[in-house]
Amino acid sequence: MASLAWLLIPLAAAVGAGLWGGWAARNRRSGKTGDNTELNGYAAFREAMEKSHSGT
């Protein structure tokens, strides 16, 4: 019985890791996050920084 418990521990850990991996990657499939969002934000930041200040 003890040997069965030692075999079930890694199996349970592998199943848990698979479930966590699927949960952690859930937003990547939807397209809500990723390079496009980051690049659009960086472009807006760059445009704001490149604007000349009329007061100087």
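Okay, so starting at the N terminus and walking along the chain, the elements go α-α-α. That's 3 helices and 0 strands. Keep in mind that this is a predicted model, so let me say something about confidence before the details. The chain has a mean pLDDT of 83, with 77% of its residues at 70 or more. Broken down by element, α1 has the highest mean, 94, and helix α2, residues 26-30, has the lowest, 62. I'd read α2 with that number in mind.

Now, how much of this thing is buried? Of the 56 residues in the chain, buried ones make up 0%. The accessible surface is about 5400 Å², and carbon and sulfur atoms account for 63% of that.

On to α1, which covers residues 2-24 and includes Leu-8. Leu-8 is also one of the residues in a nonpolar surface patch of about 670 Å². The other members are Met-1, Leu-4, Leu-11, Val-15 and Leu-19. So is Leu-8 buried or exposed? Neither, really: its relative accessible area is 45%, so it counts as partly exposed, since the exposed label needs over 50% and buried means under 20%.

Last stop, helix α3, residues 35-50. From first C-alpha to last, its 16 residues reach 22 Å, close to the 22 Å you'd expect at 1.5 Å a residue. And why do I say α3 lies largely in the open? Because the number of buried residues among its 16 is 0.

That's my tour; happy to go back to any part.

Terms used:
Residues are numbered from 1 along each chain as its sequence is written. This is a predicted model: local features need pLDDT of at least 70, side-chain atom pairs count only at pLDDT 80 or more; totals for chains, interfaces and linings use all residues. Side-chain values use heavy atoms; hydrogens and water are left out. Patches are made of residues with over 30% relative accessible area and no salt bridge: like charges are joined within 9 Å, nonpolar side chains (Val, Leu, Ile, Met, Phe, Trp, Tyr) within 5 Å. Accessible areas come from the Shrake-Rupley method with a 1.4 Å probe; for residues, only the protein chains shown count as cover. A salt bridge is a side-chain nitrogen of Lys or Arg within 4 Å of a carboxyl oxygen of Asp or Glu. Helices (H or I, at least four residues) and strands (E, at least two) are DSSP runs, numbered from the N terminus. Buried means under 20% relative accessible area, exposed over 50%, partly exposed in between (1.4 Å probe, protein chains only). pLDDT is the predictor's confidence in each residue, from 0 to 100. The expected span of a helix is 1.5 Å times one less than its number of residues.
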